[in-house]
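Hello,

Here is the structure I promised to pass on to you. Have a look at it first, and then read on for what turned up in it.

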Amino acid sequence: MEKTTGLTHFIKSAGYSIQGLKSAIKHEVAFRHELSAGIILIPLAFYLANDKFELALMIGSYLIVLITELLNSALESVVDRIGTERHELSGRAKDQGSAAVFVAIGNALIIWLILLCF
């Protein structure tokens with residue numbers, strides 16, 4: 001298989017990324033919910049932020065939730081690919097991925113609360 005470089009590599013990588021986003025939207029309910037929250041949160045951030053720094057923090061904290069959910073979904077897919085039988089390590093991996101999403105959501109909430117209430 002020939003290795004691609006430069007613009008061809010960038011275009012192929014972008015295609016894989018778009019394919020991953022489409023897959024997450026199609027197969028991951030939690031990702032769809034979090035993506036839907038952005039329909040409200042992003043315009044709200046533009047309205048509530050006092051400056052560009054606050055806007056960047058508000059939108060950035062939301063995007064971290066999406067990133068973490070994508071990584072969690074990928075982890076769950078790999079674990080499920082390995083086997084569907086219950087295993088302590090598989091359960092631990094899935095639980096820790098879920099905990100990462102929980103922490104990302106908590107991070108976003110804390111940032112929004114600090115910026116809006118203090």
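The protein chain has 4 helices and 0 strands, and from the N terminus on its elements run α-α-α-α. The radius of gyration is 18 Å, well over the 13 Å that the globule rule gives for 118 residues, so the protein chain is more spread out than a compact globule. Please keep in mind that this is a predicted model.

To give you a feeling for the overall dimensions, the C-alpha atoms fill a box of roughly 50 × 45 × 20 Å along the principal axes. The accessible surface of the protein chain comes to about 8,900 Å², and carbon and sulfur atoms account for 68% of that surface. Of the 118 residues, 25% are buried. If you look at contacts between residues at least 6 apart in sequence, 61% of them join residues at least 24 apart. As for charges, there are 10 positive and 11 negative ones, and their mean positions lie 8 Å apart.

Now to helix 4, which covers residues 88-117. At 1.5 Å a residue, its 30 residues should span 44 Å, and the end C-alpha atoms are 42 Å apart, which agrees. Which residues of helix 4 are buried? They are A93, G97, V101, A104, A108, I111, W112 and L115. When you follow that list along the helix, one general point may help: an α-helix has 3.6 residues a turn, so residues three or four places apart point the same way. The cover over the buried residues of helix 4 includes helix 2 (29-48) and helix 3 (52-82).

A108 is a good residue to zoom in on. This residue of helix 4 has a relative accessible area of 11%, under the 20% cut-off, so A108 counts as buried. Leaving aside neighbours within four places in sequence, A108 is in contact with S61 and V65. A108 and V65 are 43 residues apart in sequence, yet their C-alpha atoms are 7.6 Å apart in space.

Is D95, also a residue of helix 4, buried or exposed? D95 is exposed, with a relative accessible area of 55%. Between D95 and I114 there are 28 Å from C-alpha to C-alpha, for a separation of 19 residues in sequence.

Over in helix 2 you will find L41. Its relative accessible area is 27%, which makes L41 partly exposed. Not counting residues up to four places away in sequence, L41 touches Y62 and W112. W112 is one of the buried residues of helix 4, and helix 2 is part of what covers those residues. You could also look at L41 together with I59: they are 18 residues apart in sequence and 7.9 Å apart in space, C-alpha to C-alpha.

Finally, helix 1 takes in residues 6-27, and K22 has its place there. K22 is exposed, with a relative accessible area of 57%. K22 and A99 are 77 residues apart along the chain, and 24 Å separate their C-alpha atoms.

If you have only a few minutes, I would start with the buried residues of helix 4, then turn to the contacts of A108 with S61 and V65, and end with L41 and its contacts to Y62 and W112.

Happy viewing, and best wishes!

Key:
Residues numbered from 1 in each chain as written. Predicted model: local features only at pLDDT ≥ 70, side-chain atom pairs only at ≥ 80, totals over all residues. Heavy atoms only, no water. Helix = DSSP H or I, 4+ residues; strand = E, 2+ residues; numbered from the N terminus. Rg over C-alpha atoms; globule rule 2.2 N^0.38 Å. Buried < 20%, exposed > 50% of the residue type's maximum accessible area, 1.4 Å probe, protein only. Contact = heavy atoms within 4.5 Å. Areas by Shrake-Rupley, 256 points an atom, 1.4 Å probe, with all protein chains shown as cover. Lys, Arg positive; Asp, Glu negative; His and termini not counted. Charge placed at Lys NZ, Arg CZ, Asp CG, Glu CD. Expected span 1.5 Å × (residues − 1).
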